[in-house]
Amino acid sequence: ACSVEKDDPAAANAACGPDRQYLIGMSQANNAEPYRQVMNNDVTTAAEAVKGFEVVVADAAQDNSKQVADVENFLTQKINLLIISPNEAKPLTAVVKKAYDAGIPVIVLDRKVEGDAYTAFIGGDNVAIGKAAGEFYATRLLPDGGKVIEIAGLPGSTPAAERAQGFRDGIAANPKIQIVASQPGDWLREKGQSVADALLKAHPDAAAIYAHNDPMAEGAYLAAKAAGLDKKIKFTGIDALPVPSGGIKAVEEGRLAATFQYATGGREAVDLAKKILIDCSKDVPRSTTLGTQQITAENAKDVYAKLGGS
Amino acid sequence: MVPELVRMSGITKRFGGVLACAGVDFTVRAGEVHALLGENGAGKSTLMNILSGVHTDYEGDVAVHGEVVRLRDPADAQRHGIATIHQELDLVPQLTVAENLVLGREPRTRARLLDRRAMQRLAREEFAALGIDLDPNRPVGSLRVGEQQLVEIAKALSLHAQVLVMDEPTAALADAEVSRLFEIIDGLRRRGVGIVYISHRMEEIEVIADRATVLRNGAVAGSLTPAPEHRPQLISLMVGRSVEAMFARPKTQKPAAEARPLLRVAGLTVRPRTPRPGRAEPDGIDLSVDAGEIVGLAGLMGSGRTELLETLFGAGPAARVTGAVTLDGLPYAPKSPRAALARGVGLVPEDRRGSALTLPHQVDHSMVLSALSRLTTLGFVRRTRERASVLDMMRRLAVKAGAPTAPVGSLSGGNQQKVVLARQLMTVPRLLLLDEPTRGVDVGAKAEIYQILHRLADEGMGILLASSELPELLGVCDRVVVLRRGAVAADLDPADVTGDDVLAAAMTAPGGTDR
Amino acid sequence: MTLLKTPPALARLTGGRRELVDRLFAVQSLVALLVVFIVAILASPTRDGEILFLTAGNLGNIVRAVSEIGIIAVGMTFVVLLGGIDLSVGAILGLSAVGTATLMVDSGYGIAPTVPAVLAIGAVIGALQGYATARLGIQSFIVTLAGLQVARGLARIWSGGLGIPIAYGDGPLQAPPAFEILNGSINGVVPVPAVLFLAVGVAAIVVLRTTAFARHVYAIGGNEKAARLSGVPVTRVKVAVFAVCGLLAAVAGVIHAGQLNQGSPNDGAGYELDAIAAVVIGGTSLSGGSGSMGGTLAGALMLGVLNNILALNNIDANVQLLIKGLVIVAAAGLQRLRRGVA
Amino acid sequence: MTLLKTPPALARLTGGRRELVDRLFAVQSLVALLVVFIVAILASPTRDGEILFLTAGNLGNIVRAVSEIGIIAVGMTFVVLLGGIDLSVGAILGLSAVGTATLMVDSGYGIAPTVPAVLAIGAVIGALQGYATARLGIQSFIVTLAGLQVARGLARIWSGGLGIPIAYGDGPLQAPPAFEILNGSINGVVPVPAVLFLAVGVAAIVVLRTTAFARHVYAIGGNEKAARLSGVPVTRVKVAVFAVCGLLAAVAGVIHAGQLNQGSPNDGAGYELDAIAAVVIGGTSLSGGSGSMGGTLAGALMLGVLNNILALNNIDANVQLLIKGLVIVAAAGLQRLRRGVA
Ligand SMILES: Nc1ncnc2c1ncn2[C@@H]1O[C@H](COP(=O)(O)OP(=O)(O)OP(=O)(O)O)[C@@H](O)[C@H]1O
Ligand SMILES: Nc1ncnc2c1ncn2[C@@H]1O[C@H](COP(=O)(O)OP(=O)(O)OP(=O)(O)O)[C@@H](O)[C@H]1O
Ligand SMILES: [Mg+2]
Ligand SMILES: [Mg+2]
């Protein structure tokens with residue numbers, strides 16, 4: 001990772017040092033997604049442990065304009081640091097730049113903004129996660145091949161496209177695996193269920209269902225169970241949120257064969273904030289890519305505990 | 001002394017700045033018909049709305065059977081034995097006749113479910129008593145105004161109340177139904193029911209009422225025993241001056257030779273795509289209206305007068321129309337009211353609340369609606385010109401309103417009617433179609449409207465006037481055309497005939513009345 | 001068929017030939033359902049000669065998939081007949097699902113206290129909304145728009161923003177296994193939620209056709225002033241209707257939680273529009289006073305069949321949106337045909 | 001003040017003392033705005049003695065933030081006055097934003113052909129919806145619900161489902177820099193979208209108070225049958241009103257694209273409800289025929305101030321939902337107070 005250089009206005013202007021009060025604005029794209037809710041929780045929990053940090057969260061409810069306004073309001077309040085998980089890249093670029101140019105350090109989470117007017121980016125690699133899932137299918141889940149149904153995320157969303165692409169790269173190693181159908185489940189559990197209902201009618205001989213997130217995988221599981229196919233078919237998801245309704249628990253309880261962690265980056269963001277504000281560090285990593293972790297029955301319990309799940 | 005059923009004393013009621021009732025004393029005794037008279041806006045309905053629990057914020061006392069009560073709502077009034085036929089037809093169009101009849105007190109089976117059979121029975125009984133033949137299963141929305149009025153009457157009667165308030169129950173009824181109603185009122189009177197009867201038809205009052213109380217500007221102006229010889233006195237109590245010669249037309253010039261043909265209708269037949277039961281569509285109508293002529297349209301309920309006028313105004317239902325109609329010698333077949341207006345034809349519909357007005361809208365805006373194109377430049381309304389023509393029209397028609405900007409709903413019924421008339425006059429029509437233009441209008445205002453009609457005719461306007469009030473037809477019109485089942489039954493000269501002749505023509509020759 | 005006859009015959013006119021046309025059109029939402037059904041059969045993919053759309057499993061799934069929307073639409077029908085609208089039902093569904101999961105799992109109450117409590121919450125929210133429209137005279141659109149936000153906010157606060165999973169068993173933090181019945185099916189074919197939906201629907205048809213309450217609902221929707229003058233307890237009826245709608249939304253929420261083994265605060269978003277669409281396609285007028293419950297059921301099923309056949313054929317999601325939009329207009333237009341003649 | 005006087009005085013009664021009360025209440029949406037404004041000042045956090053809410057930048061931001069909803073609400077006011085409702089505006093905004101980005105960037109047309117073309121698309125969709133309600137007689141709720149789906153589907157198909165970024169410059173695949181003005185502000189204080197909103201609003205007030213067209217709109221909304229019998233060209237007016245509403249939604253879409261430097265097919269979701277809320281808070285009756293444009297502007301600004309002060313105080317997002325719901329009901333209730341006197 002490259003590091004922040006001398007002419008970084010944020011680093012130059014930011015008042016820093018210990019024993020001071022800092023207001024951190026966290027602009028969230030959409031609280032209604034569990035993944036993002038957990039991200040908020042991670043940020044707030046981590047910040048509580050840091051003396052002098054106060055975090056305020058704004059929910060843009062999936063509206064680019066609202067998120068721009070949220071950041072503007074943070075600027076009015078003269079926050080000391082901005083953490084933003086953008087709804088979309090381009091629309092938020094300008095206002096993030098405005099904050100950055102005003103001397104406020106900006107940590108971008110999960111989705112990037114364009115250009116380089118931010119202090120640091122922390123995010124996962126969806127292609128890599130999809131690939132890890134694909135490789136898991138190729139080597140462990142379906143070594144002898146089989147038909148796979150894909151339940152994709154919201155059409156048009158980047159993670160959906162990347163998780164689809166990575167998966168295809170991953171299973172390429174095993175030509176006996178074949179994707180027979182792909183329909184969007186819009187990231188939703190109930191949509192996953194109703195889509196799987198129909199797809200299992202058309203493909204009762206499927207060997208596994210690859211869902212782009214855990215809720216859809218759970219929905220597909222329920223559909224299969226209703227059709228009496230839950231023992232025959234394997235289910236995998238992505239996200240592995242360490243919460244009761246998350247994928248790790250589902251793996252632990254045997255509904256999902258595996259899930260792949262897509263870290264929120266919340267803790268890492270607060271760590272970084274601490275470095276910038278309290279340690280006055282001028283040398284924070286410009287970009288951090290969070291790795292993934294494969295969660296199966298063997299390690300589910302441990303990982304859940306390790307990630308601080310309650 | 002006959003027991004007093006109701007005593008209202010010192011009743012005062014304000015609507016914002018309007019004093020609708022000012023210290024009114026009013027009593028209803030058992031076995032009497034007490035007429036309540038007054039101009040439009042005198043406060044009659046308001047007083048009765050207090051008695052029927054509609055208005056609850058008033059000053060003064062209402063005593064029922066000697067006991068002062070504060071009626072909470074209409075249901076409460078019914079529990080106290082007071083039933084009301086309201087002036088405005090307030091029925092639920094989507095429900096059937098029977099359902100409307102029992103609304104709010106539906107008969108139930110032992111399982112607390114709706115007892116449809118009892119409902120039907122009740123409806124049939126009530127209608128039989130009223131001597132009308134109405135299918136209880138018809139949705140009220142499909143009924144004509146007159147039939148709706150009958151349902152309202154049956155509904156109130158079915159409550160078997162001690163006190164019955166009738167607020168203009170006959171405004172939409174024709175003579176046959178009126179006399180039937182009077183028989184019933186007589187029966188009720190003999191059973192000791194106290195009846196309040198509100199009407200603008202003086203002849204009715206004289207026939208049915210035992211005493212009359214006149215309201216003027218919200219206060220009691222006097223009491224009288226109604227009789228034909230007292231009529232001038234009653235009227236002057238009502239309007240505060242004497243109204244003579246209601247129909248008197250300054251028969252100045254009437255050079256028949258000079259009559260310029262305006263409307264010519266030959267063999268007009270309307271076949272709607274969907275038949276409307278109970279309605280008679282024009283069936284081979286021949287008719288003419290000359291410029292400067294007032295032609296009356298008589299007929300029984302449902303004889304097709306309204307249909308004829310609507311067809312001539314391009315407002316009829318989807319239908320196949322045959323026959324030849326010319327206006328000023330040119331073919332005339334309007335596809336819409338807009339087209340009719342463009343040819344100089346105006347219609348004052350019979351249902352002013354349903355088809356003409358929006359009560360919360362301002363008087364001036366309501367008046368100019370049809371004539372906006374005359375008052376605009378590039379789509380913008382010329383305020384000064386609008387105001388001038390509204391004020392002019394209000395003066396010409398003597399519209400009584402707080403201000404030109406007052407909501408139409410705050411005007412009395414007669415004045416509302418004048419607003420509708422004014423709207424048509426503003427378009428400067430050559431042919432004016434009037435459908436029951438004086439329904440619910442008080443004597444004074446009626447006289448004013450008649451004078452206006454005469455003046456308009458003298459200025460060369462042709463007028464086709466449909467009415468259920470025979471005195472009006474005979475008094476105002478130059479000719480009266482009688483319709484029967486959608487066809488012309490007679491073309492009479494009012495000078496030569498009486499009301500009975502018109503009625504006779506309106507009935508089917510052999511085989512009873514036309515229903 | 002008779003189930004679908006509009007009680008206070010919508011059609012303005014009766015008598016003679018007209019009557020026949022009327023009776024045909026009175027079942028027009030059934031006609032629309034039938035048309036879509038036949039098209040679905042024709043358009044269905046087949047497998048080994050079997051028409052996938054027509055398999056028992058698939059038909060069961062269709063009804064299961066619309067059961068929540070359908071139950072909500074039943075309550076919505078009452079509200080719309082009254083001349084109102086209820087935008088809060090989706091949010092109440094979410095709140096009830098959260099409530100079910102929280103009370104049953106986190107708080108460890110059994111089914112018996114949980115379900116009635118959740119239904120009561122739905123009914124109370126509905127009743128409050130009804131009171132606000134009836135007594136304060138605020139338009140129901142705006143009252144329930146606010147109600148939507150309040151219910152959604154409560155659901156998120158109650159759940160901490162995350163779904164609460166429901167696991168079955170006898171231990172602590174587990175729901176009674178009996179609750180899992182919502183996920184099951186009778187004879188392995190007819191899903192339980194589908195049965196509940198049809199039961200609610202039939203009960204509502206009966207209520208609407210046989211009770212004085214229903215007459216009052218129609219009367220208020222048709223002419224509120226007339227109803228009031230006739231002594232109909234307008235406020236009470238309005239409050240009751242909105243309470244029923246909230247209650248049925250809560251029923252849908254309980255089923256939702258049972259079907260998905262989770263109570264999530266964000267669930268049910270947008271369900272109100274689907275439910276209203278079902279009501280309107282079923283021939284109920286948004287201006288109140290006329291419509292039928294049978295129509296609503298047919299409307300809901302039609303939407304379900306449409307969704308299913310589009311998914312079975314793997315139609316692109318965006319094209320699905322277009323098709324659904326056009327079919328809704330067409331179905332509502334069919335509606336109009338009948339009234340247009342009047 | 002006079003801007004806010006309802007033209008066809010909503011109040012049932014006039015005369016004397018009553019008149020005064022009326023005049024006070026006629027501006028009640030302004031009163032609500034004022035109340036919220038004052039509360040906002042009192043509740044505003046301060047920093048270095050400065051009231052953050054009152055800083056020029058913040059006030060500019062408030063108006064900028066409501067400008068899109070506000071412009072949509074102006075069009076919605078016409079539709080609601082007519083007795084209709086338009087649920088498609090949010091989707092038309094999304095479609096227009098996509099159209100702006102696609103035509104200007106991908107296809108390389110300049111501002112001059114792009115903006116009129118996009119506005120025309122909005123107007124045509126609106127007009128089609130108007131035609132469907134007016135001539136086919138389908139309720140506008142359902143027509144525009146379908147229109148919503150169709151417009152959203154088209155937007156997704158046109159854009160391929162992804163937001164289309166707008167970069168400025170003279171090169172290929174770049175938008176003319178002049179377009180960036182939508183992102184700027186006058187004197188660095190008054191944002192351009194805010195100016196556009198206020199301009200549209202004032203123009204609409206003038207139209208509504210001075211034109212024959214407006215009279216026709218009120219007449220149709222008040223009593224359609226009467227309007228038709230009075231010679232009002234009902235179909236034409238309805239089509240025009242829905243076209244205007246679609247056009248203004250497209251205007252908001254262009255501004256949206258300019259403000260966010262992107263045309264995204266999913267944008268504007270739910271805006272219709274905010275716009276309707278602004279209209280109703282502004283005192284326009286959803287049953288048509290009465291209301292004012294000034295009220296709508298005040299309503300939109302009130303929502304903006306409310307959002308802003310809640311955010312400035314860092315109220316939890318869920319609690320915000322609750323508060324907003326209650327304030328909306330309160331504002332609509334205030335509305336009612338006036339009519340309640342009648
Ligand atoms: N709801 C109301 N709001 C405001 N003013 C009203 C209302 N009802 C009646 N008024 C006013 O009160 C006065 C009395 O009206 P009311 O309806 O009692 O007259 P009326 O004698 O029944 O007249 P009509 O013969 O025309 O029926 C009128 O000036 C009328 O404008
Ligand atoms: N089936 C129907 N559908 C729609 N409107 C109807 C229907 N029947 C009656 N009407 C309306 O009712 C009014 C006629 O009612 P009314 O009882 O006054 O008839 P009438 O004047 O006695 O009869 P006519 O005018 O036909 O001689 C008209 O305005 C008409 O539009
Ligand atoms: Mg009266
Ligand atoms: Mg008539």
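**Figure 1. The N-terminal segment of chain A in the predicted model.** Residues 1-7 of chain A keep a pLDDT under 50 throughout, and the model gives this segment 13 contacts beyond four places in sequence. Where pLDDT is low, the predicted coordinates should not be read in detail. For chain A as a whole the average pLDDT is 91, and 95% of the residues score at least 70.

**Figure 2. A low-confidence segment of chain B, residues 510-515.** Over this stretch of chain B pLDDT stays under 50, and seven contacts beyond four places in sequence are present in the model. The caution on reading detail applies here too: coordinates predicted with low pLDDT should not be read in detail. Chain B averages a pLDDT of 88, with 94% of the residues scoring at least 70.

**Figure 3. A salt bridge within chain A, between R140(A) and E298(A).** The closest N and O atoms of the pair are 3.5 Å apart. R140(A) belongs to helix α5 (residues 126-141) of chain A, while E298(A) sits in the loop between β12 (294-296) and α11 (300-306) of chain A, so the salt bridge ties together parts that are 158 residues apart in sequence. Over all chains, a search of the whole structure finds 56 salt bridges.

**Figure 4. The interface of chain B and chain C.** Here 27 residues of chain B are in contact with 30 residues of chain C. The two chains bury about 2500 Å² between them, and 59% of this area is on carbon and sulfur atoms. D90(B), Q94(B) and T274(B) supply 22% of the area that chain B buries against chain C, more than any other three residues.

**Figure 5. Polar and charged pairs between chain B and chain C.** Two salt bridges are found across this interface. E99(B) and R215(C) meet through their side chains in a salt bridge, with an N to O distance of 2.5 Å. Seven residue pairs, both members at pLDDT 80 or more, are in polar contact between chain B and chain C. On the side of chain B that touches chain C, helix α2 (residues 74-79) of chain B gives the most, with three residues. That side of chain B divides into 13 nonpolar, six polar and eight charged residues.

**Figure 6. The surroundings of ligand 2.** Of the 18 residues around ligand 2, those that come nearest are G302(B), R305(B), T306(B), E307(B) and E350(B). The site is shared between chains, because residues from chains B and C surround ligand 2. An N or O atom in the side chain of T306(B) is 2.4 Å from an oxygen atom of ligand 2. Backbone N or O atoms also approach ligand oxygen: one of S303(B) lies 3.1 Å from an oxygen atom of ligand 2, and one of G304(B) lies 3.0 Å from an oxygen atom of ligand 2.

**Figure 7. The interface of chain C and chain D.** Each chain contributes to the contact, with 38 residues from chain C and 38 residues from chain D. About 3200 Å² is buried between chain C and chain D, 77% of it on carbon and sulfur atoms. Q139(C), F141(C) and Q149(C) supply 18% of the area that chain C buries against chain D, more than any other three residues. The count of salt bridges between chain C and chain D is zero, and two residue pairs, both members at pLDDT 80 or more, are in polar contact across the interface. On the side of chain C that touches chain D, the elements giving two or more residues are α6 (140-159), α11 (271-281) and α13 (317-341) of chain C. The residues of that side divide into 24 nonpolar, 10 polar and four charged.

Note on methods:
Residues are numbered from 1 along each chain as its sequence is written. Chains are lettered from A and ligands numbered from 1 in the order in which they are written. Side-chain values use heavy atoms; hydrogens and water are left out. Contact means heavy atoms within 4.5 Å. Buried area is the accessible area (1.4 Å probe) that two parts lose on being put together, summed over both. A salt bridge is a side-chain nitrogen of Lys or Arg within 4 Å of a carboxyl oxygen of Asp or Glu. A polar contact is a pair of N or O atoms within 3.5 Å; within protein, one must be able to donate a hydrogen and the other to accept it, and residues adjacent in sequence count only if both atoms are side-chain atoms. Helices (H or I, at least four residues) and strands (E, at least two) are DSSP runs, numbered from the N terminus. Ala, Val, Leu, Ile, Met, Phe, Trp, Tyr, Cys and Pro count as nonpolar, Asp, Glu, Lys and Arg as charged, and the others, Gly among them, as polar. pLDDT is the predictor's confidence in each residue, from 0 to 100. A residue is near a molecule or strand if one of its heavy atoms lies within 4 Å of it.
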